[in-house]
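Student: I would like a close look at one part of this protein. Could you pick a single strand and walk me through its surroundings?

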Amino acid sequence: MTPLLLVSRSAEYETRLRALVGERLAVIDGEFLTFGSQFVASRVTGEPRIALLGPVLSYEETKGLVDALTVRHPNLGLIVVQEQRSDLEDWADDIDMHAVLSPDASDRATLALLDRLADWLIANGRAGARDFTVQPAIAPVPLEIDPPLVDLADASVDSAAGPVVAEPGWVFPPLEAGTPTEAIAVVAPKGGQGKTTIAINLATGLAEVAPNSVVLIDADLQFGDITIALALTPERTIVDAVAEAADDEIVLKTALTHHSDGFFVVASAPSPELGDLVSPVALGRLIDRLRATFRYVIVDTTPGMGEHSLVALEHVTDAVFVSNMGVPSLRAMRTEFELLTTLGLMPGNRHVVVNQTDKLSGLTIKDVENILGAPVDVDVPKSSAVLLSSNRGVPLIHDDVRDPAAKAMRSIVLRIAPEASPTANQDPEKAAIE
Ligand SMILES: Nc1ncnc2c1ncn2[C@@H]1O[C@H](COP(=O)(O)OP(=O)(O)OP(=O)(O)O)[C@@H](O)[C@H]1O
Ligand SMILES: [Mg+2]
């Protein structure tokens, strides 16, 4: 337990405070604020009781941090470490903090303030007395990682004396050696064609074939919306999944969010700025790494042929190309086929999906094929059930099994996993937890 957290740009202050409070301190370098206060807050994974913010943080940074930290840790005590300045009163008025501490305060004054705030937190039920005791066995680490959730297989070794392990209601089924794994990118040259809808239903359908051995990566790094469409609340995102710490397989697994239909989601970045931190190379590596654990890896992408989408295509076995019946987007898709073939980036298996087909569009599927210069593999009719299911946070193929669009989504699943049932609607939770 490290009850104290320091976010500061002053290495000198950090050294001083560490000398004073030792093992009880976790530190996040204030330089991380370049990526925003949300990012810094997302790095705090323990349950700190008191945060010291500063010195050398601006007013905006401090305010942003206080807001971001208190959302995640509502009982946190907050101390702003700031020199006495004329505008300090304004800071105190605007920022919801408990105390201001001068970085030049004596050791005694600093410790006395920490003690007073700790007492106040305990007296007000915001912390327990044990939260502030020194536990020297734990080495201080600059960026903490929560204890990973342990696979059920490992949980059986948990003894009465051992740590309490949160038992997940799911397992990562081991992938038998030699099992072929597939990665499927869902791409479209233009936005709003139905990539995310198809990617979600693909994950849901494939999870019936391989329960809990399917992972869906939201690689729409800036505006990914898979967790919203599935009503999930991710604790971690793709930013964590590609972070250095995720080199450890268990840490990588903790970056996944489980869906009760038997698949996992790598959530999109919590903000567009953080999405920018995920390089194309990192995305490619993530796909490869997840293929070592999961039978199916599905990648939802940003519209167009940006670098990330190209790298995703390089790392997959299958690509699902999605277009609606609009002539501009069909033409763009034809150009995309030509470009990918020229670049040698066309994945081995191509699935052409025309989405939101509508008799009133004035085009037949034959017309569409002429524009595309390629056969259409699946046509998904326009259906109001798609929006309804998304608003309900339930994948369409489980929300409305008889809907024509749901049936068409199932035929995309069948193309990738012919063993999938065209109508199945089994409970994957039951299948996974024997
Ligand atoms: N077959 C369909 N019938 C009716 N509405 C649909 C259908 N497919 C998708 N939609 C709706 O179209 C909108 C865009 O779909 P979706 O978000 O899946 O597209 P996208 O390609 O992922 O978009 P973006 O490029 O913004 O990521 C959504 O409101 C979705 O509910
Ligand atoms: Mg999308």
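Tutor: Here is a walk around strand 3, with a word on confidence to begin. This is a predicted model. The protein chain has an average pLDDT of 86, and 88% of the residues reach at least 70. Some stretches fall lower. In residues 135-168 the pLDDT is below 50, yet this stretch makes 45 contacts in the model beyond its near neighbours in sequence. Residues 426-434 also have a pLDDT below 50, with 16 such contacts. Where pLDDT is low, do not read the predicted coordinates in detail.

Now to the strand. Strand 3 covers residues 50-53. Side chains in a regular strand alternate between the two faces of the sheet. Take one side of strand 3: Ile50 and Leu52 sit there, both buried. On the other side are Ala51 and Leu53, which are buried too. Both faces of the strand are therefore covered, as buried means under 20% relative accessible area.

Next, the partners. Strand 1, residues 4-8, pairs with strand 3 in the parallel sense, over 4 bridges. Look at alanine 51: its bridge partner is leucine 5. Strand 4, residues 77-81, is also parallel to strand 3, and 4 bridges join the two. Here leucine 53 stands opposite valine 80.

How does the chain get from strand 3 to strand 4? Helix 3, residues 59-72, completes a β-α-β unit with these two strands. That unit is right-handed.

To recap, strand 3 is covered on both faces. It pairs with strand 1 and is joined by bridges to strand 4.

Technical notes
Residues numbered from 1 in each chain as written. Chains lettered and ligands numbered in written order. Predicted model: local features only at pLDDT ≥ 70, side-chain atom pairs only at ≥ 80, totals over all residues. Heavy atoms only, no water. pLDDT = per-residue confidence, 0-100. Contact = heavy atoms within 4.5 Å. Buried < 20%, exposed > 50% of the residue type's maximum accessible area, 1.4 Å probe, protein only. Pairing = 2+ DSSP bridges. Right-handed = clockwise from strand over helix to strand, strands pointing away.
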